[in-house]
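Here's an informal walk through one structure, taken piece by piece. Keep the sequence and the 3D view open as you read.

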Amino acid sequence: MSAVFTRKVNGAKWQPSKSLAPGEVSADAVTADLRTTDNELSFWACSSNDEAELRETVLALATGGDRLDKMDVAWIEREAVHAAQLTIQETPGHANTPVESLKGRHVDVAKLDVARLGIVAGLIHAAVSAEKKQWRRFARSEVLAVVVAAVRSGRVAIDTLKDELRKDVERAVLSDK
Amino acid sequence: MRLAKVEGLGTKRATPSNYLELVWDASRPQFVLEAGSIGEGPEARAVKETMLKLRKEMTEPSIVSNEAESDFRSILGQIDAEPVEDGKRHPAETAMASFAKIHGTAALPMFAASWSPLVGDSRKAALLRLLGRCPLLTARERKALLVSGLESDDVEVRDAAVQAAELWEDAAAAALLRAHRETVPWLAAYIEQVAKSIAG
């Protein structure tokens, strides 16, 4: 399996739209899921797209969040990103997660102008398509299980989680004891 | 009985409470579609016309207070300004809670389910996802929203309805989810997962 870059998306937004021709990329999906900061877009590097690696992305993203929801993770091959001549920067300092061991996985696709953002959108769109199926939905219960396992193993200190999320995780940790 | 109730409302003029009673007593918020399914004869056409007239009245701003409509528009504005993101709080959550306190919990689902011209599919989906985060809704209101969402021909709206059901953790919704025939494979798998999870 090849190395990939993963990113949280809203899978439903990337589905074929009634108002667009087949293959066209929904602007709603782009403006909702690919919002840049400083012309950069956040991704997480994974050695492959296997389940364990995708769960690492879920852990990084979920623990950096405010609350517990389902999560859709899409992945694009590193080779495709390099072939598109997109600029990748390793940016552990931009990682919004309390999980120290995962910060080193954070990368930004940088120097994005509209054309290059369009290329990223095309890659994500292809990834979420029915043909490629390069995305995986984690139900809320699965996201919770990932975080709870990390708390139990000591990878995440529960007091580093934001209030609403922490309460849900605490309840789950206690109820399973 | 249901039709008599509709005709009664038609002659009285719909109010938010009558509207909700009309929609939710039948446990299907889209009466227009319901009427269309009873046949194609003259009686069915007459009923359908009444439904369409009522629907038009119900989605007109006059059936709710100007203040409620204005507050609802404000929520939509917040949704437009910032997409609803998994794992992140959204500014409209606070506005929704405030709206529910001022105008009653019934008002929010009414707006969301009335298929008002204000609300396109993308906004409907965002509203449903946010309503999933709203702890104030009654079981009846949640059920109506779920049924309404699942009936949509838009996959994002159906998905949002299932996400809301997952957040409500309402065991009663499991049967509704299992009864739904989903054509999109990934959503069908998610529905099964959620049904299993909330059934306990």
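What follows covers confidence, chain B, a strand pair, the cavities and two loop residues.

This is a predicted model, so local features need pLDDT of at least 70 and side-chain atom pairs count only at pLDDT 80 or more, while totals for chains, interfaces and linings use all residues. Residues are numbered from 1 along each chain as its sequence is written, chains are lettered from A and ligands numbered from 1 in the order in which they are written, and side-chain values use heavy atoms, with hydrogens and water left out.

**Confidence**

The predictor gives the complex an ipTM of 0.94 and a pTM of 0.82. Chain B has a mean pLDDT of 75, with 63% of its residues at 70 or more; pLDDT is the predictor's confidence in each residue, from 0 to 100. Two stretches of chain B stay under 50. For residues 1–38 of chain B, where pLDDT is under 50, the model has 71 contacts beyond four places in sequence, a contact being heavy atoms within 4.5 Å. Residues 59–63 of chain B, also under 50, have 12 such contacts.

**Chain B**

Chain B has 12 helices and 0 strands, where helices (H or I, at least four residues) and strands (E, at least two) are DSSP runs numbered from the N terminus. Of its 200 residues, 51% are buried; buried means under 20% relative accessible area, exposed over 50% and partly exposed in between, with a 1.4 Å probe and protein chains only. Take the contacts in chain B between residues at least 6 apart in sequence: 69% of them join residues at least 24 apart.

Arg178(B) sits in helix H11 (residues 173–179) of chain B. Is Arg178(B) buried or partly exposed? Arg178(B) counts as partly exposed because its relative accessibility is 39%. Setting aside neighbours within four places in sequence, Arg178(B) touches Glu192(B), Ala195(B), Lys196(B) and Ala199(B). Its C-alpha is 7.5 Å from that of Ile191(B), 13 residues away in sequence.

**A strand pair in chain A**

Strand S3 (residues 71–77) of chain A runs antiparallel to S6(A), and 4 bridges join them; two strands pair if DSSP finds at least two bridges between them. One such link puts Asp72(A) opposite its bridge partner Arg137(A) in S6(A). In a regular strand, side chains alternate between the two faces of the sheet. From S6 (residues 135–138) of chain A, Trp135(A) and Arg137(A) point one way, Arg136(A) and Phe138(A) point the other way, and all are buried.

**Cavities**

There are 3 cavities of 30 Å³ or more. On a 1 Å grid over the protein atoms alone, a cavity is a set of points where a 1.4 Å probe fits but cannot get out, and lining residues have an atom within 4 Å of a point. Grid points are joined across faces, edges and corners, and a volume is the space filled by probe spheres set on the points.

| Cavity | Volume | Lining residues |
|---|---|---|
| Largest | about 70 Å³ | 2 nonpolar, 1 polar, 7 charged |
| Second largest | about 60 Å³ | 5 nonpolar, 2 polar, 6 charged |

Here Ala, Val, Leu, Ile, Met, Phe, Trp, Tyr, Cys and Pro count as nonpolar, Asp, Glu, Lys and Arg as charged, and the others, Gly among them, as polar. The lining of the largest cavity includes Asp69(A), Arg140(A), Arg129(B) and Tyr190(B).

**Two loop residues**

Most residues other than glycine have a negative phi. Gln85(A) has a positive phi, near 60°, and is exposed at 69% relative accessible area. Lys111(A) also has a positive phi, near 55°, and is exposed at 56%.

How values were computed
1 Å grid on protein atoms, 1.4 Å probe; cavity = no way out; pocket = protein on both sides within 12 Å on 5 of 7 lines; lining within 4 Å.
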